[in-house]
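Reader: I am new to reading structures, and I would like to learn how the words used for them are justified. Could we go through some of them together?

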Amino acid sequence: MNYQSTRGKSGESLESAQIIKQGLALDGGLFIPDEIPTLTYDEIESLRSLSYPERAATILSKYLTDYTYEELLIDCREAYCDASFPGGAAPVVKAKDGIFSLELWHGPTAAFKDMALQIMPRLLSRALVKTGEERTALILVATSGDTGKAALEGYKDVDGIKIMVFYPVDGVSRVQKMQMATQTGSNVNVTAIYGNFDDAQTGVKKIFSDSEAVAYLNENGYFFSSANSINWGRLAPQIVYYVSAYCDMLNSGEIKMGDKINVCVPTGNFGNIFAAYLAKLMGLPLGRLVCASNQNNILTDFLSTGKYDRNRDFHCTMSPSMDILISSNLERLLTLTAGKEKTAEYMADLASKGVYEVSADVKAKIDESFCGYFADESETAAIIKKYFNEYSYLPDTHTSVALCAAEKYIAETGDNTPMIVASTASPYKFAADVCASLGLEKPEDDLDALDMLVNATGTEIPYPLKDIASRTIRFTETVKACDMLDAVKKYVNG
């Protein structure tokens, strides 16, 4: 299987190893497969009895055809081992009648990004060998909180790779900031920027497309690559856990083969929910894909009107990983529904005007699968309190947004199809806001909220966050967004 740019201007048609190494297409677009592979009911049936690593290797082998199944199985077993995922990889937990939580946060950073970023470094390492690459890969990451730590943890001390993470200095939680600032590894760097996530993401994209920067790296024995969900090697593993969740729902007797389930995903960059869409296109019996947004409800408006307009106020919320106004992976959906030529036009309008609007026929295609709802800050807090008090289920601030959106969808439509909600982080990653939502006094130091939440709920701090306050801080630098390239050169020069 080969891959091409969503914008269709570069003329590239590349195998998966090359695009995983490269990250972005030369025309600034994202890579997308030439075709969507199929997944039959018989294949789903055969996956039911398999372990998560075996399920993952099977699904990934449909997309990464220049990797052998044996290679993928080795990497998946290493990525999703019990030591890294002591709570299991992607367990499905009943939150309440009709709503099931797909808990994606039992990995080494307590966030769903681990599901992709534990396997992606292994895929990249193999890609360097497969493509005969002798330079060092420099991974650049823009993060709204979770991707940065998960990427740092996945790539630390991996041969042939260095990684540099940029995050908005006031746009992540205290726990997220501490996780990144204390990251170990000889090949990692973390730099904060003045601005928001969109500033960081735009800065990284500009660096990738800067021919002088690319030449500078090449002269110094490096090349750029990405660990954000714009990289196909990051997105493809996310398809797996929707297939796995369906298998687990079959095994628990909640559904029968062929029954549809709905999916609700707390969404910022649109990668996680797009992975669900790909699973649906493959043949997984998914119904509605509910896109859940926080107060930065640009996707809710787009799915309602067909108009994407980032010219609006930016809100810093208690669900910071969703504080995004430029949802990069939406470009992939546009290519599948509008075609490459129109997508290139939309992206040009977004860059120059900050707004684009799809035609009625394109919106109708999107409406076949997607709908959008959002939760404001008070609704997010109320759901946390409701689910803990009434159902003994403690969600984090992002999962709460999705639970709220799921409930709104069910109430508005009367659709009682079983709903899978993607639970994207441990409540302890955002313990202060979870405490406040439960009616507890919010501590001055967010790290104190970890113990407060234990005492109030009787739940446990996940292993990646224990003793975080006592770890050595390694990274303290903050730069302007316009100085990100200088920070990259400084890191390269050691």
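Reader: What makes S11 and strand S14 (residues 370-374) a pair?

Author: In this predicted model, five parallel bridges link S11 with S14, and since at least two bridges are required for strands to pair, the two strands count as paired. One of these links can be located by residue, for valine 290 has cysteine 371 in S14 as its bridge partner.

Reader: What joins strand S10 (residues 261-266) to S11?

Author: Five bridges join S10 to S11, and these strands run parallel; among the partners, proline 266 is matched with alanine 292 in S11. Between S10 and S11 the chain passes through helix H12 (residues 271-282), in a β-α-β crossover that is right-handed.

Reader: Why is strand S11 (residues 286-293) called mostly covered?

Author: A residue is buried when its relative accessible area is under 20%, and seven of the eight residues of S11 are buried, so the strand is described as mostly covered.

Reader: How do you know that the length of helix H9 (residues 197-208) agrees with what its 12 residues should span?

Author: At 1.5 Å a residue the expected span is 16 Å, and because the end C-alpha atoms of H9 lie 17 Å apart, the two values agree.

Reader: What is found at the start of H9 that would count as a polar contact?

Author: There, a side-chain oxygen of asparagine 196 comes to within 3.0 Å of the backbone nitrogen of aspartate 198, and the cut-off for such an N or O pair is 3.5 Å.

Definitions and conventions. Residues are numbered from 1 along each chain as its sequence is written. This is a predicted model: local features need pLDDT of at least 70, side-chain atom pairs count only at pLDDT 80 or more; totals for chains, interfaces and linings use all residues. Side-chain values use heavy atoms; hydrogens and water are left out. Helices (H or I, at least four residues) and strands (E, at least two) are DSSP runs, numbered from the N terminus. The expected span of a helix is 1.5 Å times one less than its number of residues. A polar contact is a pair of N or O atoms within 3.5 Å; within protein, one must be able to donate a hydrogen and the other to accept it, and residues adjacent in sequence count only if both atoms are side-chain atoms. Buried means under 20% relative accessible area, exposed over 50%, partly exposed in between (1.4 Å probe, protein chains only). A crossover is right-handed if, with the strands pointing away from the viewer, the path from the first strand over the helix to the second runs clockwise.
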